[in-house]
Amino acid sequence: MKLIFEQHKEGRRGFTYEKADVPDAKPLAKKYCRKYDTNLSSVSELDVVRHYTNLSRLNFSVDTNFYPLGSCTMKYNPKFTERVASFDGFSQLHPLLPQLSGGGMLAQGALEVLYEAEKLLAEITGMAAFTTQPLAGAHGELTGAMLIAAYHKDKGARRKYVIVPDSSHGTNPASAAIAGYQVIVIPTGRDGYMDLNEYKNKLSTETAAVMLTCPDTLGIFNPHIKEIADMAHEAGALMYYDGANLNALLGKARPGDIGFDVVHINLHKTFATPHGGGGPGAGPVGVSGHLVDFLPIPRVIRRSDGTYALDYHSHKSIGYIAPFYGNFGVILKAYAYMLRLGKEGLIKAAEAAVLNANYCRARLKEHYDQTFDKACMHECVFSAARQVKNGVHALDIAKYLIDKGYHPPTVYFPMIVKEALMIEPTETESKETLDGFIDVMIEIARLAQSDPSAITRAPLNTPVKRLDETKAAREPNLRWKP
Amino acid sequence: MSYIPHTPEDIKQMLGVIGVTGIDELFKDIPAGLRPRSFDIPAGKSEAEVTRHLCRLAAKNATHLVNFVGAGFYDHFIPAAVDAIVNRPEFYTAYTPYQPECSQGWLQAIYEYQTVICELTGLDVSNASLYDGGTALYEALMMAVRLTGRNKIIVDSGVNLIYRTMLYTYTKNLSIEFVEIPVVHGQSSRTEFGKHLDEKAAAVILQNPNFFGAVDDYSDVVEQVHKFGALAIGSFYPVSLGKLKSPGEMGFDIATGEGQSLGIPLSFGGPYLGFMSAKKELVRQMPGRIVGATVDSEGKRGFVLTLQTREQHIRREKATSNICSNEALCALRAAVFASLLGREGLKELAEHNYQKAEFAKEELSRISGVEVKRSSPTFNEFTVQLPHHADEVVYRMIDKGFACGFPLGRYYKGMDNYLLIAVTEKRTKEDILGLAGSLEAVL
């Protein structure tokens, strides 16, 4: 498709403002003004609407396609939450209003949403308190790492290391590193769990924290989790919970009860807010009692008269990590979702998510290898190692699935599984949808033996064929030029 | 209600295929001792009930006030076509475009967004978005530290205090030395910069217009910064770039800013849009996703996520940033907004903001006891000195139906009587006259 800039026609307008209703002011001195105009396109409103509408049709999305992208929890995003977030009372609200004197009463509804959402998240995860400020999961990790640093500093120690398993999300070591920590990576043992001996060897009084995903990125609940937490605590280290996979545990286990001290939640995963093609997300962070004082300011509090207010009085707080109170629009949708599902609904969501993943695993395990043959939780990880023998790689399988109208699973992650295919169906998909997908996966496994080129030449039904990524990286073309 | 489609018969069949007798068996790996100690969540509610509840909460927020509060976050008009596009589920229910063949719409839209940001800022390359203006500034700072191998950062105190505070929070455990340059008569002090600029400086951080609304031409500062081998980083208000000298024209190395003014609702603080553009030689140090154009196996143009060896999913602890999710949907808003306005619309928008703020300055300066600060030109926000504590005035003005501005005493010592007033294109002549009339009445 043409770029919007390639549809430019001099003199055409897509939006105009009414004539200014104020008298002309003295012009701004030239030295402050731009010399060169922008090259933004001149197009009509219809040009713009048709252009972006047609672009949207080139995407797979949850509303149009099954989207079993592992670790991303692409469940259905209920429509009513979109409507709620668009209410003027929320969408038009300036974030500084409650910071004006006498302004606290101007945003009571919004503050209540934040306060109540924090409370629900705390109960769901078993943590003492939450901050809604982190703007995405990785931002939550960074916030968590800074909370951990503040905690140790307060105890008079500057610990150096953060431990992560080699199966962790890339964001975990990246977040620890930019917070100033050195990262120690623990390999996965033959049993599919983090190598406990190696962990014991590396754990020391210089360990600030152990960052884990639970269930882990193989979709497995580690039975040694309590032991790992106890050992960390004995060494004076804190336990960090990466909440990417919380969907499996709703009402079944709580990070706080397991012994985690800091938790982030991806609201755009477990709590059904749409991922928007890459964002916005939201990554609220919960902490156990001994870390509450370090949470970012301001905190939302409920006063004895039932009104809500912002509290800046925390001398141990790590400070500001976001301009305001987090991605409010996202938190609001997640709050609406939690209210709608309630206790039973949340538990049922976890159950159906785990049921769906195990159903996929059961039907596919004859056809694909599993590096670690274990019952899974909310997602199952296969390897295309068997198919690779015939020249069919995980990437080829992904492309063939696209031709068949399915968004591929996550491929090549976790890195500890060769040719990984990570399938997370989520609870909102029906048996019929899963069967359709599984049938194609089985067809791929058969074709890989009988006619591998049928897979490797995919995709054929897409707007573009396989793209030259090497060229993209070697000769970066990152913007249109006139 | 969990939006689960399973019938009891489905569940039975699926359990049969798995080879277990009940769903509980699927959770047997969770030891009994680790089951929740409590799960005290209220029962679920109907869609109508939840909607009613949130409708009530929305009504408790005062959005009826005529808004003159800006301070970095502005009440601009959003064309309906922007909402229509971002409300297409093919956009908002997709994930990050990892698989380019089924994400060309998103990838092309981001490529167009990157172009818009480059055009506005006059720089070469842009990424696919960051969380907000503050985190974008922090990421730019980290780029400068990596690129120069130095650790001294000189920050102008005309940079939004919230952003400065965020920078301090993020770098608390790193060995970074900050020097703050005072603002003199609303503008950054060249003499002070001269005193602190040396070979230890990794970067100088400026904002235009600055927090007080003052417009500057930083070309001279940037020239000095480059003499010492440091980077010039700025935070910019994108709507102002329809009129004001661009960061590229002033020689900045990295431009960042809050993109909220480009078609994104105020929404009580987020989701917003951090943008970043830079000179092309810095691209391999940039954080976050970047989309590039390439060709497919048949030579047809297509788009992919590129230069990914910078990123956390490949480089892990050695990545340029930990960012994964960004603010793509807000970036789409910005791209659609900019496309609708076009070159002329953007100029018109900027001009309206300037003209209306100048008109407001004239009207307010007629009020006895009110002094409009005029030591520097401004764009659409300006500072006034009041005869009383600004907090009191703001409080009284709320009763009159106005959110009349942001009291500067909250952020700056000794400025208790100062008020920061923003006038966007949305404010009519009547609004402005109303503000002046009411202000006169409450003083």
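Visitor: Against which elements do the buried residues of α7(B) pack?

Guide: The buried residues of α7(B) pack against α5 (137–154) of chain A, and within chain B against α6 (133–148), β3 (152–156) and β8 (231–236). This is a predicted model, in which local features need pLDDT of at least 70 and side-chain atom pairs count only at pLDDT 80 or more, while totals for chains, interfaces and linings use all residues. Residues are numbered from 1 along each chain as its sequence is written, and chains are lettered from A and ligands numbered from 1 in the order in which they are written.

Visitor: What makes helix α7 of chain B mostly covered?

Guide: A residue is buried if 20 or more other C-beta atoms, placed from the backbone, lie within 10 Å of its own, exposed if 12 or fewer, and partly exposed in between. In α7(B), residues 161–171, 8 of the 11 residues are buried, among them Ile162(B), Tyr163(B), Met166(B) and Leu167(B), and also Arg164(B). Of the 482 residues of chain A, 59% count as buried.

Visitor: Why does Met1(B) count as partly exposed?

Guide: Met1(B) has 15 C-beta neighbours inside 10 Å, and therefore counts as partly exposed. Met1(B) lies in the segment before α1 (8–18) of chain B and, leaving aside residues up to four places away in sequence, touches Arg340(A), Leu341(A), Gly345(A) and Gly44(B), a contact being two C-beta atoms within 7 Å.

Visitor: Why is α4(A) called oblique to α2(B)?

Guide: The axes of helix α4 (residues 108–125) of chain A and helix α2 (residues 47–59) of chain B come within 6 Å and cross at roughly 130 degrees. Angles under 35 degrees count as roughly parallel, over 145 as roughly antiparallel, 65 to 115 as roughly perpendicular and the rest as oblique, so α4(A) is oblique to α2(B). Gly109(A), Glu112(A) and Val113(A) of α4(A) make the contact with Leu57(B), Ala58(B) and Ala59(B) of α2(B), a group that divides into 4 nonpolar, 1 polar and 1 charged; in this scheme Gly counts as polar and Glu as charged.

Visitor: Which helix gives the most to the side of chain B that touches chain A?

Guide: That helix is α12(B), with 21 residues. The contact as a whole takes 163 residues from chain B and 176 residues from chain A, and the side of chain B has 85 nonpolar, 43 polar and 35 charged residues.

Visitor: Why do β13 and β16 of chain B stand at the edges?

Guide: The sheet is open, its 4 strands running in the order β13-β14-β17-β16 (chain B) with antiparallel pairing. β13 (371–372) and β16 (406–407) each have a single partner strand, so one side of each is left without a neighbour in the sheet. Two strands pair if DSSP finds at least two bridges between them, and β16(B) and β17 (residues 418–422) have 2 bridges, with Leu419(B) as the bridge partner of Pro407(B). Helix α12 (residues 328–365) of chain B packs on this sheet, touching β13, β14 (381–385) and β17, and its direction makes about 10 degrees with that of β14(B).

Visitor: How do you know whether the radius of gyration of chain A agrees with that of a compact globule?

Guide: The globule rule, 2.2 Å times the number of residues to the power 0.38, is applied to C-alpha atoms; for 482 residues it gives a value near 23 Å, and chain A has 25 Å, which agrees. The C-alpha trace of chain A spans about 75 × 60 × 45 Å along its principal axes.

Key:
Axes fitted to C-alpha atoms, helices over the stretch in contact; angles between N-to-C directions.
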